[in-house]
Number of protein chains: 2
Amino acid sequence: MTIPTYDDVVAAAGRIAGHAHRTPVLTSRTANEELGAQLFFKAENLQRMGAFKFRGAFNALSRFDAAQRKAGVVAFSSGNHAQAIALSAKLMGIPATIIMPDDAPASKVAATRGYGGTVVTYNRYREDREAIGRRLAQEQGMTLIPPYDHADVIAGQGTAAKELFEEVGELDALFVCLGGGGLLSGSALATRALSPRCQLYGVEPEAGNDGQQSLRSGVIVHIETPKTIADGAQTQHLGTLTFPIIQRDVNDILTVSDAELVDAMRFFAARMKIVVEPTGCLGFAAARKMGDALRGKRVGVLISGGNVDLERFAALLA
Amino acid sequence: MTIPTYDDVVAAAGRIAGHAHRTPVLTSRTANEELGAQLFFKAENLQRMGAFKFRGAFNALSRFDAAQRKAGVVAFSSGNHAQAIALSAKLMGIPATIIMPDDAPASKVAATRGYGGTVVTYNRYREDREAIGRRLAQEQGMTLIPPYDHADVIAGQGTAAKELFEEVGELDALFVCLGGGGLLSGSALATRALSPRCQLYGVEPEAGNDGQQSLRSGVIVHIETPKTIADGAQTQHLGTLTFPIIQRDVNDILTVSDAELVDAMRFFAARMKIVVEPTGCLGFAAARKMGDALRGKRVGVLISGGNVDLERFAALLA
C-alpha cells in the first residue's frame, strides 16, 4: 500500500460529505486568556458515533468494490474504530465482523452490536486478534480494515484538519492526539497543504510515548500496552504508513500525564460544556503545558472524541 | 414599557453580532430514532458565559446612555443572568452590582465575581430580591435590568430562536424552557415571524408550574419558590411583558419531573457529548414525553445553558 497524499484527503472529503458531520470549531475566551493565544478547537467529540474514527472508516468502506461489499468487512478493536466500522458498514449494507476481547465492557459490545456488527470474541491472553482477523479475511474473503495503518483510513482522518483550516485559515500551531498515528498523519497531509508553516505536534500519554521514541530514534519503536486513562492511545507502535508521514511532516511529539488529561477534561466540561474522553484531551493538555511559547499565536487543537462511560466520566470529574 | 416585537429581535441581533456566539445547531440520530422525528438542538450551553442570557443582557446594556453607563447596572438573578450582566458590563466598562441568593451554585457566584461584578447576597426564602434591587437602583442611580421582564432582554433572548430558524428553516414544533418567560417570549416573537405555523411549547419543572397555571387561568399566578433541580426555572411568576406574549403566541405549557431532567442530562452527556444544566434539559425532556405526537415532525429544542457545578453534574450522572 502506498503512502496517501493530500489528494486522497480531498477525495475522502468528497466521499464522506453528507454522511459525516462537519463538526463545529469551538472557541473559549477563558482558554485564550490562560494561554495568551487564540485557540480553535475542532470538536470531533460531536462527530457521528462520537469520534473522528467515523471519517476514516466510512472513507475506507466507500472504496469497496461489489465483491468486497458482498463478502463484508472485518476489524479488530475494542473502541471507537469498531463502532465506526460497524456503523459505516450498516449505512452501506455491508456485513461487518468485529473482533473484540471476551472481557470487553458489555456496553462497548452492545454498542457495536447496536450498529449491526457481528461480534467475534477472543481471549486476549491466549489469542492474537490480528491473526484472527487475517484468518477470517482469508477464509471468508472479508476485507480487513485496520484501525490506523491503511491509506484510506489515514486520508479519511485528514478531513477533520482540512475542515479546520478551511474554517479558520492558517494556524501557527496544531496539536493532535497520537495513538497509532491515523489522525496525526492524516492531519499532517492537510496541514502541509493548507497551512505549510504551521508547527504540527503529536501528543501522547507519558506512559505510552512510543511515537516520541520512534520519531527521535528514526525507527518504529514497539512498547508494552501502556497504563494510561487515554485508552484510545494505548497502541503499542506506529504503522508502516503513518510513521513515514509523521517523520516527514510532524515537528515534534509531546507527552502529558494522566493528571494533566483529567485537568483538561474538567476544563472542557466546566468551561466549554463538552464531554471529551481522556484521549481527546491530549492536544489541549499539551498546549497548556507549552506555556509562553504559544503567546500571541493562532493555535488549533483537535479534540478526537467523547466516548467515555458516564460512570467513569463522573468519577474523573468528581 | 411596551411589549417588544420581532423588529426589536432583529435590532438586538444587530447589536449582539460579533459579541455573542452564533451557537451551533446540533443533531442526534439516536434522538431522532427515539422520537421518530427530526430534531434540531440550538446549543446555547455553548454560548458565551454558558447560557442564552448573554444575548438579552448584552442587548439591554448596549442601549444605555452615557449617564446610565457611568452610574452602572444592578441585576438580581439566581445565576446565569447575573453572569450575563456582569460579563456584558465588563465588556462595555459599566460597573455592575449583582444580587444573588446565598444558596446559588458556587460556580455561578465565582463566575460572576470573576467577570468583575460586585455580588450582594440575600436569602431566597425570606427576602425579596426585587425590593433590594429597586432600593439599590434608587439610592445609587443605577439602572436595574431584571432577568426577564424587560423589552430589551426579551428581544435579545429572541435572537437564539431567530438563528435556529435561519439555519434549519421552518419547524413543526419548538420546545423552550420556561422560568420567567424571557427566552420563551423572545422565542415566540421569532417563531411567529419566521415559522408561523410552528407549535410553540414552554416547558417548566413539575414543582414550579406557575406558567402553566397562568396560561390556563388567564392571570399571572404567583407560587412559592419551587424545589427543583432546574435552578434556572425557580421563578415564582411570569412577567407583565412576558405573559401577554406567551398568552398570544405560545400553544401550550408542559411540565417534566426532576427525574426526567436527569434522564435528559444523561442523554446529552452520553450521546451528544455536551454538558447541559438541569434547566437546559426541560425542552428535550418534554419532547421525549410527548411520544407519538412528534412522529415525522421537524422539531426544535432550545438548550438554554450548561452552567452546573462539576461536582453536582458528576453526582447527577453517576
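**Aromatic pairs and selected residues in a predicted model**

Good morning. A search over all chains of the whole structure returns 13 aromatic pairs. Before I turn to individual pairs, please note that this is a predicted model.

As a general point, a pair of aromatic rings is described by the distance of the centres and the angle of the planes. Let me begin with Phe54(B) and Phe58(B). Their ring centres lie 5.4 Å apart and their planes meet at 40°, so this pair is tilted; the tilted class takes angles that are neither under 30 degrees nor over 60. Where do Phe54(B) and Phe58(B) lie? Both belong to helix α3 of chain B, residues 53–62, and they are four residues apart, about one turn of the helix. Phe54(B) and Phe58(B) are both buried.

The second pair is formed by Phe175(B) and Tyr201(B), and it is stacked, with 5.0 Å from centre to centre and 25° between the planes. Which parts of the chain does this pair link? Phe175(B) sits in strand β7 of chain B, residues 173–177, while Tyr201(B) sits in strand β8 of chain B, residues 199–205. The two are 26 residues apart, and the pair thus links distant parts of the chain. Phe175(B) and Tyr201(B) are both buried as well.

This stacked pair leads us to a residue that touches both of its members. Setting aside residues up to four places away in sequence, Met290(B) touches Phe175(B), Tyr201(B) and Leu254(B). Met290(B) belongs to helix α13 of chain B, which spans residues 282–290. Is Met290(B) buried or partly exposed? Its relative accessibility is 23%, so Met290(B) counts as partly exposed; the cut-off for buried is under 20%. From C-alpha to C-alpha, Met290(B) and Gly156(B) are 29 Å apart in space, with their positions 134 residues apart in sequence.

Staying with chain B, I turn to Asp152(B). This residue is placed in helix α8 of chain B, residues 151–168. Asp152(B) counts as buried because its relative accessibility is 13%. Which residues does Asp152(B) contact, leaving aside its neighbours within four places in sequence? They are Gly56(B), Asn59(B), Ala60(B) and Arg63(B). Asp152(B) and Ala11(B) are 141 residues apart in sequence, and their C-alpha atoms are 9.8 Å apart in space.

Next, the backbone at position 49, in each of the two chains. In chain A, Met49(A) has a positive phi of about 55°, although it is not a glycine. Met49(A) lies in the loop between β2 (38–43) and α3 (53–62) of chain A. With a relative accessible area of 9%, Met49(A) is buried. In chain B, Met49(B) has a phi near 55°, again a positive value in a residue other than glycine. Met49(B) is found in the loop between β2 (38–43) and α3 of chain B. Met49(B) counts as buried, at 8% relative accessibility.

Met49(A) also appears among the contacts of Asn80(A). Without its neighbours within four places in sequence, Asn80(A) is in contact with Met49(A), Ala51(A), Lys53(A), Glu277(A) and Asn307(A). Asn80(A) is found in helix α5 of chain A, residues 80–92. Because its relative accessibility is 16%, Asn80(A) counts as buried. Chain A also holds an aromatic cluster, formed by Phe41(A), Phe267(A), Phe268(A) and Phe284(A).

I close with chain A as a whole. How many helices and strands does chain A have? There are 14 helices and ten strands. Its radius of gyration is 18 Å, close to the 20 Å that the globule rule gives for 318 residues, so chain A is as compact as a globular protein of that length. Taken along the principal axes, the C-alpha atoms of chain A fill a box of roughly 55 × 45 × 40 Å.

Of the 318 residues of chain A, 62% count as buried. Among contacts in chain A between residues at least 6 apart in sequence, 73% join residues at least 24 apart. The accessible surface of chain A comes to about 11900 Å², and carbon and sulfur atoms account for 47% of that area. As for charge, chain A carries 33 positive and 33 negative side chains, and the centres of the two sets lie 4 Å apart.

Thank you for your attention.

Conventions
Residues are numbered from 1 along each chain as its sequence is written. Chains are lettered from A and ligands numbered from 1 in the order in which they are written. This is a predicted model: local features need pLDDT of at least 70, side-chain atom pairs count only at pLDDT 80 or more; totals for chains, interfaces and linings use all residues. Side-chain values use heavy atoms; hydrogens and water are left out. The radius of gyration is taken over C-alpha atoms; the globule rule is 2.2 Å times the number of residues to the power 0.38. Buried means under 20% relative accessible area, exposed over 50%, partly exposed in between (1.4 Å probe, protein chains only). Contact means heavy atoms within 4.5 Å. Accessible areas come from the Shrake-Rupley method with a 1.4 Å probe; for residues, only the protein chains shown count as cover. Lys and Arg count as positive and Asp and Glu as negative; His and the chain ends are not counted. The place of a charge is taken as NZ of Lys, CZ of Arg, CG of Asp or CD of Glu. Rings of Phe, Tyr and Trp (its six-membered ring) pair if their centres lie within 6.5 Å; planes under 30 degrees apart count as stacked, over 60 as edge-to-face and the rest as tilted.
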